[in-house]
Amino acid sequence: MTTPDSSSRIDYASLKSGGIIMQREDEFFAIRLNLTGGTISADKLPRIAEVAQRYGRGEVRLTARQGIEIPWIKFEYIEAARKSLAEASLALGPCGARFRAVTACPGLPICKKALADSQRFARMIDSRFSGLDLPDKFKATVSACPNACSRPFESDIGFCAMAEPRLERDDCNGCSLCLDICREEALTLEDGRPVLKGDRCISCADCIDCCPTSAWKAEKSGYLVYAGGRMGRRPMLGKKIADFVDEEQGMKVIHRCLDFYRQYGNRRERFGDLIFRAGMDEFLDFVMKEG
């Protein structure tokens, strides 16, 4: 059991960095699990329930970023709870000034609107960058289409899949279904065939998906990249810094963004604030200088 003297020697910062968060009452902690993309296999759920019942108060809570926390765990039970979770291959989520767990929408092959496998990309990002020490918290999000269900523009870096449509006129039967489907009113009908107005198109690929003759094709596809977003006390939407990047290029963009953050960021300065302070031109020159 902890006493006032022993608890005063607890390294709370170290615990938090490893996914163990002090609650309002000093003797209690919450254990945060790392669920990349909000996905967990069903066979691991009983172990979470077991830990919550044995070491906590039988409660679990879902976090705002697709994670799970087990609250009401006393300090003396933390190691046993952590060991039990590890036996079920349940990792704890990074907290504090670190690269946090990656969120994502369901993506392919689940969502009928999806243009990319957002879950796979999220796992790639998490396996490479999760837990890295940084000036402040850093959050990444992947969305599989421009509907942006996972809100990529609200994260320090966000990826949103897109596909640019191109019409094969000879395959088009002039049914105009794509005009009815397009919510952006990015299509008009000329000489019995649809014509794309590029300034209105958001590359959602709805026209490609609905075409009964497959006349609409994806000219190119990839991810649009946002940087510098955040919610919280002073919310800020991320700015577009690149488009049509593939997963490999996206990983390089993250790497360059983190290099910029570590070289020029001040302690407790969020990434978006650094971009604003340094200037977007200087930031983009640094991030994109390797192509």
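**Sheets, backbone geometry and a charged patch**

Five strands, in the order β5-β6-β7-β10-β11, make up an open sheet whose pairing is mixed. At its edges stand β5 (103-104) and β11 (239-245), each of which has a single partner strand, so one side of each is left without a neighbour in the sheet. Here strands (E, at least two residues) and helices (H or I, at least four) are DSSP runs numbered from the N terminus, and two strands are said to pair if DSSP finds at least two bridges between them. The structure is a predicted model, in which local features need pLDDT of at least 70 and side-chain atom pairs count only at pLDDT 80 or more, while totals for chains, interfaces and linings use all residues. Residues are numbered from 1 along each chain as its sequence is written, and side-chain values use heavy atoms, with hydrogens and water left out.

Within the five-stranded sheet, strand β7 (residues 157-167) runs antiparallel to strand β10 (residues 216-227), and eleven bridges join the two; Ala-163, for example, has Ser-221 of β10 as its bridge partner. Another open sheet, of four strands, follows the order β1-β2-β4-β3 with antiparallel pairing. Its edge strands, β1 (20-22) and β3 (61-62), each pair on one side only. Strand β3 is joined by two bridges to the antiparallel strand β4 (residues 68-74), where Ile-68 is the bridge partner of Leu-62.

Most residues other than glycine have a negative phi, and most peptide bonds are trans. The bond from Leu-108 to Pro-109, however, is cis, with omega near 0°, and Pro-109 is placed in the loop between β5 and α5 (118-129). A positive phi, near 65°, is found at Ser-176, in the loop between β7 and α6 (177-181). Glu-185, likewise not a glycine, has a positive phi of about 55° and belongs to the loop between α6 and β8 (187-190). With a relative accessible area of 22%, Ser-176 is partly exposed, whereas Glu-185, at 54%, is exposed (buried means under 20%, exposed over 50%, and partly exposed in between, with a 1.4 Å probe and protein chains only).

Lys-16, Arg-233, Arg-267 and Arg-268 form a positive surface patch, a patch being made of residues with over 30% relative accessible area and no salt bridge, in which like charges are joined within 9 Å and nonpolar side chains (Val, Leu, Ile, Met, Phe, Trp, Tyr) within 5 Å. A salt bridge, in turn, places a side-chain nitrogen of Lys or Arg within 4 Å of a carboxyl oxygen of Asp or Glu. Of the patch residues, Arg-268 lies in the loop between α8 (247-264) and α9 (271-278) and counts as exposed because its relative accessibility is 65%.

Key
Areas by Shrake-Rupley, 256 points an atom, 1.4 Å probe, with all protein chains shown as cover. Lys, Arg positive; Asp, Glu negative; His and termini not counted. Charge placed at Lys NZ, Arg CZ, Asp CG, Glu CD.
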